[in-house]
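Subject: Handing over the structure

Hi,

Here is the structure I promised to pass on to you. Please open it alongside this email, and I will then go through what turned up.

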Amino acid sequence: MQSASEAINNFKKHFSGDCRVFFAPGRINLIGEHIDYNDGFVLPAAINKGIWFAIAPNNTNTATFVACDFDDTFSIDLAEVKNINGWQSYVLGVLHILQKEGYSISGFNCTFGGNVPAGAGLSSSAALEAGLIYCLSQLFQLNISRLNMALLAQKAEHAYPNTKCGIMDMFASLHGKKDHCILLDCTSLEFTYFPIVLDKYDWVLINSKVRHSLNDGAYNKRREVASSALNMFKSVNQKITSYRNILPLMVEQLKYALNEEEFKRSLYITQEIERVQAATKYLQEGNLIAFGKLMYQTHNGLSNLYNVSCPQLDYLVTQASFNNAVIGARLMGGGFGGCTINLIEKESREAVVANITTCYQNTFGITPEVYVVESSNGVHELLNEQQF
Ligand code: GLA
């Protein structure tokens, strides 16, 4: 689905009466990967790709969803919400959590769909969850702050799809601000907006088309290992309460007390926490060249220490690094597939992308998709036709 109008037309096709229309963006993350659940800082931005919802109460106790992109309809009695695999799991997780936490909702009709590709690391699932919570909060005057909506969306994802994700994706979808990225302290949940000043560069996403799925266990396993390594650090030094208190050097010194996985994961985490702090400074100074170097370092860490890359993503980053016009590249999001994020000089962008595309096609027989993304505001209602 490419526009709000399509969501509205689908609503009219399936239901009668008026509807309200909302947009929930996907996100990119400039740097700070896999540290939102490890006491780190992240630098995401909401993007102009996302999910549109056309929605209205229906004066019953039944919620009916039309997933336009899957051409699929699903109804559930709100008193009988239970988990079902597939796209339903994300919306059912939201209905479950809202009711569990005491929010009173009634039946509604909803058509939704979007242009944020699923499984590409752009957080289509967080956009769906955060967007639905926002819609329901508006429809039924639930009066939930954006921060609490993000926390509820995270709980929904933990409860039903069973990915023990961090807070970054839903937070970014709800708090995005056009032309800005968000420096989010994942411990205190305090945040600051930074203007994205790109000068002569573009953020370009290259979708490897290797579909990543975070609920197959590998993501949760990363979280478990990170947590068991942290417990070891805590047991050695009572002053340690979080990864924030641990420097990479300390990880090296305590290598003997960790198994190999714990060592590699915690080394990456502590390095990435330091990197984001340096990256933020470079961003403030407008030093994108230095920022880009850190992106490559993040990729190395994600590939060799956190082990969440795959041959296709490694290839895309290596090919990017052969071009002088690419000043930074790395896999983005949870990994195991999805997109790389690249910082590319505007004037050479098309030639560079064409070159990477051809090499990738020749090596893997896959044509990657390329998106030049723009930042966007967080989840919001579209109030007039100009916005549709
Ligand atoms: C996924 C998760 C996020 C975050 C990233 C990796 O997108 O949903 O919480 O952990 O992976 O940075």
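**Arg265 and helix 8**

Arg265 has a relative accessibility of 5%, so it counts as buried. Before going further, please keep in mind that this is a predicted model. You will find Arg265 in helix 8, which covers residues 260-285. Leaving aside neighbours within four places in sequence, Arg265 is in contact with Arg222, Val225, Leu305, Tyr306 and Asn307. If you would like a sense of scale, Val276 is 11 residues from Arg265 in sequence, and their C-alpha atoms are 17 Å apart in space.

Helix 8 also holds both partners of a salt bridge: Glu272 and Arg275 lie there three residues apart, about one turn of the helix. Their side chains meet at 2.8 Å, N to O, and both residues are buried.

Another salt bridge connects helix 8 to a different helix. Lys221 pairs with Glu261, with 3.6 Å between the closest N and O atoms. This pair links distant parts of the chain, since Lys221 is in helix 6 (residues 218-236) and Glu261 is in helix 8, 40 residues apart. Lys221 is partly exposed, with a relative accessible area of 36%, and Glu261 also counts as partly exposed, at 30% relative accessibility.

**Two domains and what joins them**

Stepping back, the protein is divided into domain 1 (4-194 + 376-387) and domain 2 (201-373). Their centres, taken over C-alpha atoms, are separated by 26 Å. Domain 1 brings 39 residues to the contact and domain 2 brings 44 residues.

How much area is buried between domain 1 and domain 2? The figure is about 3300 Å², and carbon and sulfur atoms give 63% of it. On the domain 1 side, Ile31, Glu33 and His34 lose the most area to domain 2, together 20% of what that side buries.

Two salt bridges are found across the interface of domain 1 and domain 2. The total count of salt bridges comes to 13. One salt bridge worth a look is formed by Glu33 and Arg330, whose side chains meet at 2.7 Å, N to O. Glu33 lies in the loop between strand 1 (20-29) and strand 2 (41-42), while Arg330 is in strand 10 (residues 326-331), so the pair ties together parts that are 297 residues apart in sequence. Both Glu33 and Arg330 are buried. Elsewhere, Asp202, Lys346 and Arg349 are linked in a network of salt bridges.

**The nonpolar cores**

The largest nonpolar core has 113 residues, and those touching the most other members are Phe53, Phe65, Leu95, Phe108, Leu136, Phe233 and Phe291. Helix 3 supplies the largest share of this core, 10 residues. Domain 1 and domain 2 both give residues to this core, so it lies between them. There is also a second, separate core of 16 residues, which includes Val204, Tyr315, Val317 and Ala325.

Leu136 is a good place to start exploring the largest core. Not counting residues up to four places away in sequence, Leu136 touches Ile55, Val94, Leu95, Leu98, Ile105, Phe108, Gln141 and Leu142.

**Helix 2**

Among those contacts of Leu136 are Val94, Leu95 and Leu98, which are also among the buried residues of helix 2. This helix (residues 88-100) has 13 residues and reaches 18 Å from its first C-alpha to its last, close to the 18 Å expected.

Is helix 2 largely enclosed or largely open? Of its 13 residues, 10 are buried, so helix 2 is largely enclosed by the rest of the structure. What do those buried residues pack against? Their partners are strand 4 (62-67), strand 5 (72-77), strand 6 (108-114), helix 3 (124-139) and helix 4 (146-159). After helix 2 comes Gly102, which has a positive phi, near 90°.

**One last residue: Ser173**

Ser173 lies in helix 5 (residues 168-175). With 1% relative accessibility, under the 20% cut-off, Ser173 counts as buried. Not counting residues up to four places away in sequence, Ser173 touches Ala24, Pro25, Ala127, Ala130, Gly378 and Val379.

Enjoy looking around, and best wishes.

Note on methods: Residues are numbered from 1 along each chain as its sequence is written. This is a predicted model: local features need pLDDT of at least 70, side-chain atom pairs count only at pLDDT 80 or more; totals for chains, interfaces and linings use all residues. Side-chain values use heavy atoms; hydrogens and water are left out. Helices (H or I, at least four residues) and strands (E, at least two) are DSSP runs, numbered from the N terminus. The expected span of a helix is 1.5 Å times one less than its number of residues. Buried means under 20% relative accessible area, exposed over 50%, partly exposed in between (1.4 Å probe, protein chains only). Contact means heavy atoms within 4.5 Å. A nonpolar core is a set of buried Ala, Val, Leu, Ile, Met, Phe, Trp, Tyr and Cys residues joined through side-chain atoms within 4.5 Å. Domain bounds come from an automatic or database domain assignment. Buried area is the accessible area (1.4 Å probe) that two parts lose on being put together, summed over both. A salt bridge is a side-chain nitrogen of Lys or Arg within 4 Å of a carboxyl oxygen of Asp or Glu.
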